[in-house]
Amino acid sequence: MKKILIALLLFIGVTMGASAQTTPTKTTTTATHTKKDGTPDKRFKENKGTKAATTAGPTKKDGTPDMRYKSNNASAGKAAKKKS
């Protein structure tokens with residue numbers, strides 16, 4: 001009786017250990033890195049947004065909007081009002 005009980009416990013332990021080793025399969029594979037909650041991880045380059053938004057007016061050599069022009073100042077003024 002003692003050997004049967006030990007064998008049964010050993011069998012249950014092995015089957016539970018084997019089922020704990022399987023990993024869930026992902027339905028879709030993506031190239032982006034995500035956090036545990038599913039949101040994009042901003043530490044990686046492909047998940048970071050663009051630094052400068054597209055502007056209607058001219059830009060400087062580095063790609064930022066040239067604030068000397070009225071078309072660029074108007075879009076910046078709208079963004080500042082939304083933050084307030």
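A residue is called buried when its relative accessible area is under 20%, and exposed when that value is over 50%. By this criterion, 6% of the 84 residues of the protein chain count as buried. The model on display is predicted, and the tour below proceeds from the whole chain to individual residues.

**The whole chain**

Begin with the entire chain in a cartoon representation. The protein chain contains two helices and zero strands. Helix 1 covers 2–20 and helix 2 covers 70–83, with a loop between them. Next, display the surface: the protein chain exposes about 8200 Å², and carbon and sulfur atoms supply 62% of that area. A contact map offers a further view. Among contacts between residues at least 6 apart in sequence, 0% join residues at least 24 apart.

**Stop 1: helix 1 and its nonpolar patch**

Select L8, F11, I12 and M16, which make a nonpolar surface patch of about 430 Å². Then restrict the selection to F11, which is located in helix 1. F11 counts as exposed, its relative accessibility being 54%.

**Stop 2: N47 and its surroundings**

Move to N47, in the loop between helix 1 and helix 2. N47 is buried because its relative accessible area, 9%, falls under the 20% limit. Display the polar atoms of its side chain together with the neighbouring backbone. The N47 side chain reaches the backbone oxygen of H33 at 2.7 Å. A polar atom of the same N47 side chain lies 2.9 Å from the backbone oxygen of D41. To see the surroundings, add T32, H33, P40, D41 and K42, with which N47 is in contact once neighbours within four places in sequence are set aside.

**Stop 3: the D41 and R43 pair**

Keep D41 in view and add R43. These two residues form a salt bridge, in which the closest N and O atoms are 2.6 Å apart. Which partner is buried and which is exposed? D41 counts as buried at 8% relative accessibility, whereas R43 is exposed, with a relative accessible area of 65%.

**Stop 4: the D66 and R68 pair**

How many salt bridges does the model hold? The count comes to two, and one of them joins R68 to D66, with the closest N and O atoms 2.7 Å apart. Select D66, which is placed in the loop between helix 1 and helix 2. Its side chain makes a polar contact with the side chain of R68 at 2.7 Å. D66 is buried, at a relative accessible area of 8%, while R68 counts as exposed at 68% relative accessibility. Expand the selection around D66 to include P58, T59, K60 and N72, all of which D66 touches when residues up to four places away in sequence are not counted.

**Stop 5: A56 and the start of helix 2**

With N72 still displayed, select A56, which lies in the loop between helix 1 and helix 2. Is A56 buried or exposed? A56 counts as exposed because its relative accessibility is 77%, and the threshold is over 50%. Beyond residues up to four places away in sequence, A56 touches S71 and N72. To finish, place a distance label between the C-alpha atoms of A56 and A74. These residues are 18 residues apart along the chain, and their C-alpha atoms are separated by 9.8 Å.

Key: Residues numbered from 1 in each chain as written. Predicted model: local features only at pLDDT ≥ 70, side-chain atom pairs only at ≥ 80, totals over all residues. Heavy atoms only, no water. Helix = DSSP H or I, 4+ residues; strand = E, 2+ residues; numbered from the N terminus. Buried < 20%, exposed > 50% of the residue type's maximum accessible area, 1.4 Å probe, protein only. Contact = heavy atoms within 4.5 Å. Areas by Shrake-Rupley, 256 points an atom, 1.4 Å probe, with all protein chains shown as cover. Salt bridge = Lys/Arg side-chain N within 4 Å of Asp/Glu carboxyl O. Polar contact = N/O pair within 3.5 Å; in protein donor to acceptor, adjacent residues only side chain to side chain. Patch = residues over 30% accessible without salt bridge, like charges linked within 9 Å, V, L, I, M, F, W, Y side chains within 5 Å.
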